[in-house]
Amino acid sequence: MSTPLIEMDNIEKHFGPVIALGGVSFDVYAGECHCLLGDNGAGKSTFIKTMSGVHKPTGGVIRVNGQDTVFNNPRDAMNAGIATVYQDLAMIPLMSVTRNFWMGREPRKGFGPFKWIDFKTANRITFEEMERMGINLREADQAVGTLSGGERQSVAIARAVHFGAKVLILDEPTSALGVRQTSNVLATIARVRKAGIGVVFITHNVRHAMAVGDRFTVLNRGQTHGTALRGEIKPEELQDLMAGGQELAELEGSLGGTI
Amino acid sequence: MTDERLKQVSSLRRAMIRPELGAICGAILVFVFFLMIAGDSGMFAPEGIKNWTVVSAQFAIIAVGACLLMIAGEFDLSVGSMIGFSGVVIAILSVHMGWPVWAAIIAAFVVAMAIGALNGFLVIKTGLPSFIVTLAFLYILRGLTIWLSITTTRQTIIGGVKEAAKGDPLAFLFGGVIFKDLFQWFGEMGWVGTFTRGTRAGQPIVEGVPMLVVWAIVLVIFGHFVLTRTRFGNWIFASGGDAKAARYVGVPVDRVKILMFMFTAFCATVFATCQVMEFGSAAADRGLLKEFEAIICVVIGGALLTGGYGSVVGAALGALIFGVVQQGLFFAGAESSLFRVFLGTILILAVIMNTYIRRMITGER
């Protein structure tokens with residue numbers, strides 16, 4: 001592997017007196033799934049918002065394909081091929097799958113100022129992309145609200161991939177899902193990774209991370225506790241790192257290792 | 001592989017389950033009702049049809065604007081005041097200041113749409129609910145209208161527009177009547193009654209299709225096309241459905257919303273201009289309560305009050321229901337106060353049905 005698709009080098013982010021990120025380094029290569037683990041409040045959200053151009057870092061450097069880059073807004077990041085799928089902001093449930101899929105980039109036909117959406121093409125491509133993700137739509141113009149949470153995540157992922165994402169940031173895509181939907185989303189992640197896209201998978205569920213991750217970075221109190229390769233680390237160790245050591249270990253004893 | 005939990009849905013059911021279904025049922029119900037109680041009152045004779053068509057068309061014109069704005073997630077409570085304001089602007093400029101009527105009409109449109117843009121700008125920049133911002137403009141515009149009218153002409157009704165508008169090309173576009181020859185022929189064929197005495201003897205009682213009705217039809221078709229077929233229409237849905245999610249994928253939500261406020265102001269001015277041309281006068285109290293009537297039409301038509309869902313065709317049907325009920329009770333000889341009872345009942349029934357239909361379509365729980 002040569003240069004990472006995106007490299008976050010010693011990123012700091014301060015909100016007034018609060019240090020949300022105190023020097024976090026993180027990178028993603030093409031075709032890998034790099035999991036970012038952390039408990040609630042560890043700084044995961046702040047970090048991905050920095051990576052997707054919502055926040056500007058207070059310190060540190062972002063490199064895209066080895067080049068120093070500054071993202072002024074989410075659009076800059078999107079143009080650099082970095083797509084983010086937020087847990088709750090993925091889709092508009094009242095609108096159809098097609099309308100959601102193409103939102104902001106609707107294919108059009110017609111002349112001069114008289115242009116209309118080419119719904120035939122839009123519906124066909126949506127249907128095909130959904131099929132590729134393993135979702136069988138009854139029809140492309142059914143409302144997103146009729147899909148399950150996992151399917152909505154998959155539509156959002158399919159959309160990002162279709163529009164040329166090189167890095168896909170998934171913000172807790174499985175945290176609100178049931179068992180079967182989770183496995184669907186994890187399968188989708190595996191499929192996307194095989195297509196050569198770098199996936200950043202944010203989660204606090206170690207088992208979900210172990211299922212698809214190639215590398216694991218743990219974030220705790222705004223700092224990284226190192227990056228481990230697949231096979232180098234046990235789930236229990238990740239769990240401990242996330243919790244910051246002892247407390248969970250003690251708890252685990254009383255729960256009989258069920259977490 | 002198909003999901004075994006998806007029920008087979010018949011194509012009939014699929015064609016039936018649409019946002020306008022409530023309004024379609026309501027319209028059928030209302031027509032059947034009035035055919036029964038007022039079928040022989042002249043309500044469905046040519047003059048009667050013209051009567052409720054014109055009233056419905058008035059509602060439809062402002063409902064199209066209110067519909068698109070509501071789908072974009074905002075309200076405009078200043079529509080009624082805007083109607084009064086635009087009318088008075090036209091009358092003052094043309095009658096009092098001696099401008100040609102076409103110039104006065106253009107000026108009214110420019111001023112109204114600028115105020116619409118200001119409404120939108122304030123809503124976007126302050127982040128206040130449009131309910132509050134446009135409620136303020138409901139009072140500001142009404143007050144300005146009366147003040148303007150009194151300081152320039154010492155009265156609140158300004159007449160003489162008809163004389164000023166004679167032969168004016170733009171005035172015809174709002175106050176004219178088309179298909180006169182066709183209706184003359186209808187009269188000769190005996191399909192439309194003719195005057196038997198007076199200066200207009202031999203002319204049909206319904207002389208043609210008023211431009212007001214043409215405007216309503218054109219605006220409904222335009223609004224429906226923009227909303228359902230164009231990229232901008234998709235952005236209207238997105239802005240009202242979830243502005244944050246829409247922004248995130250690059251939809252210019254602020255621009256969409258401000259343009260919709262301007263379009264609502266445009267529709268209000270179309271209404272005002274048609275009315276001024278028809279009556280030949282402007283009055284400072286015109287358009288009272290029109291904002292609520294527009295919203296009622298839109299809601300009967302299946303739109304969601306909080307935005308992101310709705311139909312222009314539904315809103316037009318809502319306007320038709322509104323017009324037919326209002327005029328129908330008059331034809332039926334019912335107490336006019338019953339109109340409001342009837343209207344409130346229809347409003348509740350339509351909204352209950354629309355909510356049910358919407359849940360079926362969108363999977364809301």
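**Pairing, packing and burial in the predicted model**

Trainee: What makes strand β4 (residues 59-64) of chain A and β5(A) a pair, and in which sense do they run?

Mentor: Strand β4(A) and β5(A) pair in the antiparallel sense over 3 bridges, and since two strands pair if DSSP finds at least two bridges between them, the pairing is established; one of its bridges joins A:Arg63 to A:Asp68 in β5(A). This is a predicted model, in which local features need pLDDT of at least 70 and side-chain atom pairs count only at 80 or more, while totals for chains, interfaces and linings use all residues. Residues are numbered from 1 along each chain as its sequence is written, and chains are lettered from A and ligands numbered from 1 in the order in which they are written.

Trainee: Why are β2 (18-28) and β5 (67-69) of chain A called edge strands?

Mentor: The 4 strands form an open antiparallel sheet in the order β2-β1-β4-β5 (chain A). β2 and β5 of chain A each have a single partner strand, so one side of each is left without a neighbour in the sheet. The twist averages 30° from one strand to the next.

Trainee: Which strands does helix α1 (residues 44-51) of chain A touch?

Mentor: Helix α1(A) packs on the sheet by touching β1 (6-15) and β2 of chain A, contact being C-beta atoms, placed from the backbone, within 7 Å.

Trainee: How do you know whether B:Thr134 is buried or exposed?

Mentor: B:Thr134, in helix α6 (residues 130-153) of chain B, has 28 C-beta neighbours inside 10 Å and therefore counts as buried, the cut-offs being 20 or more for buried and 12 or fewer for exposed, with partly exposed in between. B:Thr134 touches residues including B:Phe75 and B:Asn119.

Technical notes
Helices (H or I, at least four residues) and strands (E, at least two) are DSSP runs, numbered from the N terminus. Axes are lines fitted to C-alpha atoms, for helices over the stretch in contact, and angles run from 0 to 180 degrees between N-to-C directions. Two residues are in contact if their C-beta atoms, placed from the backbone, lie within 7 Å. Lists of a residue's contacts leave out its neighbours within four places in sequence.
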